[in-house]
Amino acid sequence: QVQLVESGGGLVQAGGSLSVSCAASGRTFFSSYAMGWFRQAPGKEREFVAAISWSGDSTYYADSVKGRFTIARDNAKNTVYLQMNSLKPEDTGVYYCAADVSLSDLLRTRPDYWGRGTQVTVSS
């Protein structure tokens with residue numbers, strides 16, 4: 001199956017920037033998978049952040065991050081990135097990488113594969 005490993009999380013002040021990465025591997029992984037990012041704050045439900053189609057031609061963002069976050073992928077490296085700018089304290093949470101052959105399932109927070117997450121903390 002597919003394995004996803006996130007990296008790049010950390011502590012940043014409000015208004016700052018941070019980039020997180022997700023490396024995908026596994027016998028069943030193909031660059032045709034849609035990929036995306038979700039986040040979860042303590043005691044809250046996991047929520048959609050951003051997604052990208054297999055080709056990288058189409059991107060999708062939650063309204064809360066639109067204009068501030070950018071998702072991109074490098075299929076040659078089996079890696080997806082999330083560049084986060086103008087960070088706010090409410091962006092704090094564990095950021096999870098996800099993958100699914102179905103973009104629709106990914107957008108509905110029902111991906112087949114999840115990473116273990118990386119912590120992003122934004123101080124006020």
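A residue counts as buried when its relative accessible area is under 20%, as exposed when that value is over 50%, and as partly exposed in between. Ala-23 has a relative accessible area of 38%, so this residue is partly exposed. Keep in mind as you look around that this is a predicted model. The tour below visits Ala-23, then a group of charged residues, and then Glu-6.

**Ala-23 and its surroundings**
- You will find Ala-23 in strand 3, which covers residues 18-25.
- Leaving aside residues up to four places away in sequence, Ala-23 touches Gln-3, Leu-4, Val-5, Asn-78 and Thr-79.
- Ala-76 is 53 residues from Ala-23 in sequence, and their C-alpha atoms are 11 Å apart in space.

**A network of salt bridges**
- Side chains of opposite charge can pair when their charged atoms come close.
- Searching the whole structure turns up four salt bridges.
- One of them joins the side chains of Glu-47 and Arg-39, with 2.7 Å from N to O.
- Is Arg-39 buried or exposed? Arg-39 has a relative accessible area of 5%, so it is buried.
- Its partner Glu-47 has 35% relative accessibility, which means that Glu-47 counts as partly exposed.
- Arg-39 also forms a salt bridge with Asp-91, where the closest N and O atoms are 2.8 Å apart.
- Because Asp-91 sits in the loop between strand 8 (79-84) and strand 9 (93-100) while Arg-39 belongs to strand 4 (residues 34-40), this pair ties together parts that are 52 residues apart in sequence.
- Asp-91 has another salt bridge, this time with Arg-68, and the closest N and O atoms are again listed at 2.8 Å.
- Arg-68 lies in the loop between strand 6 (59-61) and strand 7 (69-74), and Asp-91 in the loop between strand 8 and strand 9, so the pair links parts that are 23 residues apart in sequence.
- Arg-68 and Asp-91 are both buried.
- Through shared partners, salt bridges join Arg-39, Glu-47, Arg-68 and Asp-91 into one network.

**Glu-6, a buried charge**
- Glu-6 belongs to strand 1, residues 3-7.
- Which side chain of opposite charge is nearest to Glu-6? That is Arg-116, 7.6 Å away, and Glu-6 is buried yet has no salt bridge.
- The side chain of Glu-6 does reach the backbone nitrogen of Cys-97, at 2.8 Å.
- A polar atom of the Glu-6 side chain also lies 3.2 Å from the backbone nitrogen of Arg-116.
- Not counting residues up to four places away in sequence, the residues that Glu-6 touches include Ser-21, Cys-22, Trp-37, Tyr-95 and Thr-118.

How values were computed:
Residues numbered from 1 in each chain as written. Predicted model: local features only at pLDDT ≥ 70, side-chain atom pairs only at ≥ 80, totals over all residues. Heavy atoms only, no water. Buried < 20%, exposed > 50% of the residue type's maximum accessible area, 1.4 Å probe, protein only. Helix = DSSP H or I, 4+ residues; strand = E, 2+ residues; numbered from the N terminus. Contact = heavy atoms within 4.5 Å. Lys, Arg positive; Asp, Glu negative; His and termini not counted. Polar contact = N/O pair within 3.5 Å; in protein donor to acceptor, adjacent residues only side chain to side chain.
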